[in-house]
Structure formats: C-alpha cells, structure tokens
Amino acid sequence: MQLKVLALPGDGIGTEVTAEGLRVLRHVAKKFNHELVLTEGLLGGIAIHKTGTPYPAETERLALEADATIMGAFGLPEFDNAPPAMRPEKGLLGIRKTLGVFANLRPVKAYDALIDASPLKNHLLTGVDMIIVRELTGGLYYGTPRGISGEGDEERGTNTMTYTRAEIARVTRMAFNLARKRKKKVTSVDKSNVLETSQLWRKVVVEIAPEFPDVQLDHLLVDNAAMQLVLKPAQFDVLLMENMFGDILSDEGSVITGSIGMLPSASVGAQRPSGAWVGLYEPVHGSAPDIAGKGIANPLGAIGSIAAMFEYTFGLIEEATAVNTAMEATLNAGITTKDLKGNSSTEQVGRAICEAIG
Ligand code: NAD
Ligand code: IPM
Ligand code: MN
C-alpha cells in the first residue's frame, strides 16, 4: 500500500519525538512492504522563523494532499507574550480547521509496567482504559466575537463559546460508535448547570443516544468529572466533551498513566469513500521548553500516534498492533525516559521499539 504522510515536527521536543515516530514509521513500512511517501513541512514557531507565519500556505497544501499528517508540538517561549493570532499555536488551530478534524481521540490506558510511575495509588489503576473524545474544531477556541478592546478599567477580553446542533451531533455519534467497539459506555461531560452551550450539548447527546440502544449513557458536570478522574478512573470507557474541557481533562488523564509523554492522539473528521479517516496524529503534550534539546523527552506519545495512524487512516491493524505491542515490550523491559523514572534517551527508546518490532 502507498502511505502518503506529511510530517510537521514543529518546535522544542516536537522535533525530537517526531524523529522517533518517523523512525518507527519507516521501520514498519519496510517490514510490511508498504511504499512510504514522506514529506516534511513547517508549522508553528519554526514556520514563523522561516516564513513569517505559523501556518504557511504551502503547509496547508501539503496537508490537503497527504493521506495523514503526523505532528510534533508547537510553541516557543519567545512568543509567550504575542497575541494569539501571531503565536505558533495558531498554526495548530489552523490545520485542525483546514482538515475538518472535529473529533480528537485521546486514549488513556494504564500499563502494568508504569504502575509506580503514576501519581495515583496502585489499586486505582487496575482496569483503567478510557478514551477521551474531545470536540476539536469548535467552542471557545474558534468562537467569535473575540479579542481585547477598550481602555483603562474598561479594557475587556472576550471569547465566545458557541456550538451548533450539527457540531455536537457529529462528535457525539463518533463517541457512541467508538463505545460500541469497547465497553459500551459513554459519559458526556458538560457544565449544563451554568452554560447554555452545555444545555444544548446535553439535549443533543440525549436525543442521539437512542440510535445506539446497546450503549449506556450518563452525564457528569465537568468539575465533578475532574474529581472522578483521579478518584475512580477505572469507571470510564468513552468520555465525550467540548474542546476546552477536553484539553484540560486530557492532561489530567494523561498523567494517570505515568506521564503526559505517554499520550498519543488521533484527530479525525471526514471518512473517505474507502472508509479511511482523514487524520491528524499528534502526541498530547507540548513543546516542553524545560527539557528541549536534552534528548530525554518521552517519544511514546508520538510513536503511539503512528500506531493510531496505521489504524484509523490506513486500516492496517496488524501494523498498528505491532507498534503497540513493541511499546509495551520496551516498557516491560524498563527501557524508558526520565519522566517514567528510567534513564534511556528519546532515541534509545525509539530504537528499542524498532528492535522489538523485529
Ligand atoms: P508541555 O506539555 O510542553 O509540558 C508540561 C510538562 O510536561 C513539562 O514539565 C514538560 O517537561 C513535561 N513533558 C511534556 N511532554 C513530555 C515528554 N514527551 N516527555 C517528558 N516530559 C514531557 O506544556 P507547557 O509547558 O504548558 O507548554 C509549553 C509550550 O507548548 C507552550 O507554548 C504551549 O502552548 C505548547 N503546547 C503545544 C501543544 C501542541 O503542540 N499540541 C500542546 C500543549 C502545549
Ligand atoms: C493540545 C494543546 C493545544 C490545544 C494548544 C497548543 C493550542 O494544548 O493539543 O492539547 O489547546 O488544543
Ligand atoms: Mn493541551
């Protein structure tokens, strides 16, 4: 099979973890006799440096041409005081919108080998295997009006949280379809005791649920959900929520597994006639300026994102399983980075995974 992949490594540890993701991608493509057509592009801070904009038109063109895009992370401290529209992160928001990837799937799974790396007590981790379905192209991140206006005491910052029925319905169906292949339970998270957007969210989710009579639905307010995640994480199967709630709760969820560096993600939207998902694959973590350049970043989120790419965009389940199995084997062998209390480098972990794949 031909695999047309665009890589956007980005900034900070984004380049370091993407290098290992690509090492695994090349290795698996070779082993399973696929033709890999790999291009590399600019997004984020590096794109601002080289082209003056975080989301160059050329990158947009490349992304639309590729079957799948793998990304690192975006953000540099030198842009910390720049307005949102001029920041590296704007590139990320732009490409998500271009590709229409409205559902961001963030799996949180406890590995036996990492039970002591988790900040939670060991017994709470038994059976933790959930997936956060985060709405990705709507809500506060994109709503208008937005901006800062006025002066003095009247200076005002504005963002708008807005959702249409159609936006809620499509991500809800995505969550229910996923639940069908798992433990058949959806927990929808909202703030319907305060926000109108959440009231509409809950109403639409409830209306859609009968299309999936085999899936159990319940609801949690977001503040309680934040607590339940650390109190009893094994209770969850599929967690469905809007964009910003998903951003926040997925960082909380990630560390249950030992480190934010562990969490992969798949952002999917339209399905091609072949059934393949148009996909954007990225680890959940950021560019981590505090450890960038040291060669110690955990590449498993990036490598797990390659496994997700095989599964969702290319429908190559055997290849995806090979990557996931090899990741677990290296964890069991104690080949881990510092965040997981190991002493291997980013590159050593990537190479070990290729070796385990065989
Ligand atoms: P971060 O995720 O970059 O880092 C948070 C903490 O986790 C840091 O201590 C970091 O060292 C650690 N960490 C993150 N990834 C790790 C990995 N793979 N291995 C080991 N440790 C890891 O979040 P932040 O510090 O809040 O943000 C830094 C920059 O990254 C900001 O500019 C932010 O906007 C950006 N960011 C980008 C993305 C993305 O591109 N998807 C995601 C989150 C943050
Ligand atoms: C993430 C990141 C991004 C987000 C930022 C960098 C725009 O935190 O992917 O979780 O908030 O979506
Ligand atoms: Mn985030």
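## Exercises on a predicted model

Just past helix α10, glycine 334 adopts a positive phi of about 75°. Keep in mind as you work that this model is predicted.

**Exercise 1.** Check whether the span of helix α10 agrees with its number of residues.

*Solution.* Start with the extent of the helix: α10 covers residues 317–332, which is 16 residues. Next, find the expected span, which is 1.5 Å times one less than the number of residues. For α10 this gives 22 Å. Finally, look at the C-alpha atoms at the two ends: they are 22 Å apart, so the two values agree.

**Exercise 2.** Find the buried residues of α10 and name elements that cover them.

*Solution.* Begin with the cut-off: a residue is buried if its relative accessible area is under 20%. In α10, the buried residues are Glu319, Ala320, Ala322, Val323, Ala326, Met327, Thr330 and Leu331. Then turn to their cover, which includes α1 (13–31), α9 (300–312) and α11 (346–357).

**Exercise 3.** Describe the surroundings of ligand 1 and its polar contacts.

*Solution.* First, take the shell: 20 residues surround ligand 1, and the closest are Phe74, Glu89, Gly286, Ala288 and Asp290. Sorted by character, the shell holds 10 nonpolar, 6 polar and 4 charged residues.

Now go through individual atom pairs. The side chain of serine 287 places an N or O atom 3.1 Å from an oxygen atom of ligand 1. Alanine 288 uses its backbone instead, with an N or O atom 2.8 Å from an oxygen atom of the ligand. Asparagine 298 also takes part through a backbone N or O atom, here 2.9 Å from a nitrogen atom of ligand 1. To finish, consider the surface: on its own, ligand 1 exposes 800 Å², and the protein buries 69% of that.

**Exercise 4.** Locate asparagine 33 and lysine 184, and decide for each: buried, partly exposed or exposed?

*Solution.* Take asparagine 33 to begin with. Its loop runs between α1 and β2 (35–40), and its phi is near 60°, a positive value in a residue other than glycine. With a relative accessible area of 67%, asparagine 33 is exposed, because the cut-off for that class is over 50%.

Lysine 184 comes next, in the loop between α5 (165–180) and β8 (185–190). Phi of lysine 184 is near 60° too. Its relative accessible area is 34%, so lysine 184 is partly exposed.

**Exercise 5.** Which residues does a cis peptide bond join?

*Solution.* Look at omega: about 0° at the bond between threonine 144 and proline 145, the cis peptide bond. Then place proline 145 in the chain: this residue sits in the loop between β5 (129–135) and β6 (147–149).

Methods. Residues numbered from 1 in each chain as written. Chains lettered and ligands numbered in written order. Predicted model: local features only at pLDDT ≥ 70, side-chain atom pairs only at ≥ 80, totals over all residues. Heavy atoms only, no water. Near = heavy atom within 4 Å. Polar contact = N/O pair within 3.5 Å; in protein donor to acceptor, adjacent residues only side chain to side chain. Areas by Shrake-Rupley, 256 points an atom, 1.4 Å probe, with all protein chains shown as cover. Nonpolar A, V, L, I, M, F, W, Y, C, P; charged D, E, K, R; others polar. Helix = DSSP H or I, 4+ residues; strand = E, 2+ residues; numbered from the N terminus. Buried < 20%, exposed > 50% of the residue type's maximum accessible area, 1.4 Å probe, protein only. Contact = heavy atoms within 4.5 Å.
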